[in-house]
Structure formats: C-alpha cells, structure tokens
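Work through the exercises below with the sequence and the model open. Try each task before reading its solution.

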Amino acid sequence: MRDPRLLAKPPVCRLGCLVLVRNRRGDVLLVDPDYMDGMILPGGAAKPNEPPHLAAARHLHTETGLNLRPTDILAVDFTPADRHLERLNLVFDGGTVRDDARLTVPPQHRSGLLGARFVPVRELPDVMAPSQAARVTEALANRALPVLLHGQRAT
C-alpha cells in the first residue's frame, strides 16, 4: 500500500537525459545552446513519467536530427540546486556514427541552439565549461550499464 504522504508533495528533482555520441574518429557530438556559455552534450529534461532513455532519444533527434535509441548509461551526475532546480543527469551511450553523419539543427528561434558539431576529445576543455567537460571525460572512461524498465532491459 502506498503512503499518501509520499505522493502529496514529491521532491523536486529534474531528470536530465543526455547522449554521448561519437564518430568513427572518436570525436564527441556537442550542441551549442544560446542560453549558456560553452557547448554541451545533446539532451534535456524528461517529461513526467517518460522513460529516461526515450527522453534522451527524443532530445537527440530534436537537437541534431539523429535517430538513435540509447539503452546503456555511461555516467550519472548529480548537480545540486544553485541557479536551477537540482538535477540528476544520466549520460547515455549513443554509440558511434559515421564520420559523415548528417546533422540537422532546428532554427535557433525554436530550439535555442546555435549549432551542433563533432569535437575532438582533446578540445573538449576549450569549448565546454569545466564541469561539462569533466562529465564527458568520465563518461568516456566508463563501461556502460544497462537501462532497466521494471527489471527488464530497455529497448
């Protein structure tokens, strides 16, 4: 039986669903948002009750045109509340795409993105905020963990 007090006011914590995609050269796909300094991994917040791997795929497609279905997690990064709500960020493994993969970034007025491109790993600290570059570096060094939905591997 559920305790109604737990559902009355659930804690506020947004779930960020990010995707790490590489090309065959090993470069990392980043997007350039107009609302913050530096580039970031593609992704965004999950909608209420949206499975996180599907949220990651949705944001990746919206922001870059890539249609991938990530099912493994490379890193979990908690960001405490400072300027924004606290956030738990899941970094999904988007796999490797061809070097000539076509990226389609929506118009800036709809998306808030200035562009997207593959960036060599050695250049990440030059184009990303330190915490963002550290997140990607850690994710690149990790082995993937499967995403589970009710105990079953997500597809």
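**Exercise 1: the chain as a whole**

Of the 155 residues in the protein chain, 40% are buried (under 20% relative accessible area with a 1.4 Å probe, protein chains only; exposed is over 50%, partly exposed in between). This is a predicted model, in which local features need pLDDT of at least 70 and side-chain atom pairs count only at pLDDT 80 or more, while totals for chains, interfaces and linings use all residues. Residues are numbered from 1 along each chain as its sequence is written, and side-chain values use heavy atoms, with hydrogens and water left out.

Task: state how many helices and strands the protein chain has, and their order.

Solution.
- Step 1. Count the elements: 5 helices and 9 strands. Both are DSSP runs numbered from the N terminus: helices are H or I with at least four residues, strands are E with at least two.
- Step 2. Read from the N terminus: α-β-β-β-α-β-β-α-β-α-α-β-β-β.
- Step 3. Take the surface. The protein chain exposes about 9,700 Å² (Shrake-Rupley method, 1.4 Å probe). Carbon and sulfur atoms supply 53% of that area.
- Step 4. Take the contacts (heavy atoms within 4.5 Å). Among those with a separation of 6 or more, 67% join residues 24 or more positions apart.

**Exercise 2: pairing around β4 and β5**

Task: find which strands pair with β5, and in which sense.

Solution.
- Step 1. Strands pair if DSSP finds at least two bridges between them.
- Step 2. Strand β1 (residues 14-23) runs parallel to β5 (residues 87-97), over 10 bridges. In this pair, C17 stands opposite L90 of β5.
- Step 3. Strand β4 (residues 72-79) pairs with β5 in the antiparallel sense, over 6 bridges. Here I73 has F92 as its bridge partner, and V76 has L90.
- Step 4. L90 thus appears twice: opposite C17, and as the partner of V76.
- Step 5. Now follow β4 to strand β7 (residues 145-146): antiparallel, 2 bridges. I73 stands opposite L145 there.

**Exercise 3: one helix residue**

Task: is Q132 buried or exposed? What does Q132 touch?

Solution.
- Step 1. Locate Q132: helix α5, residues 130-141.
- Step 2. Q132 counts as buried because its relative accessibility is 13%.
- Step 3. Leave out residues up to four places away in sequence; Q132 then touches M36, M39 and I40.
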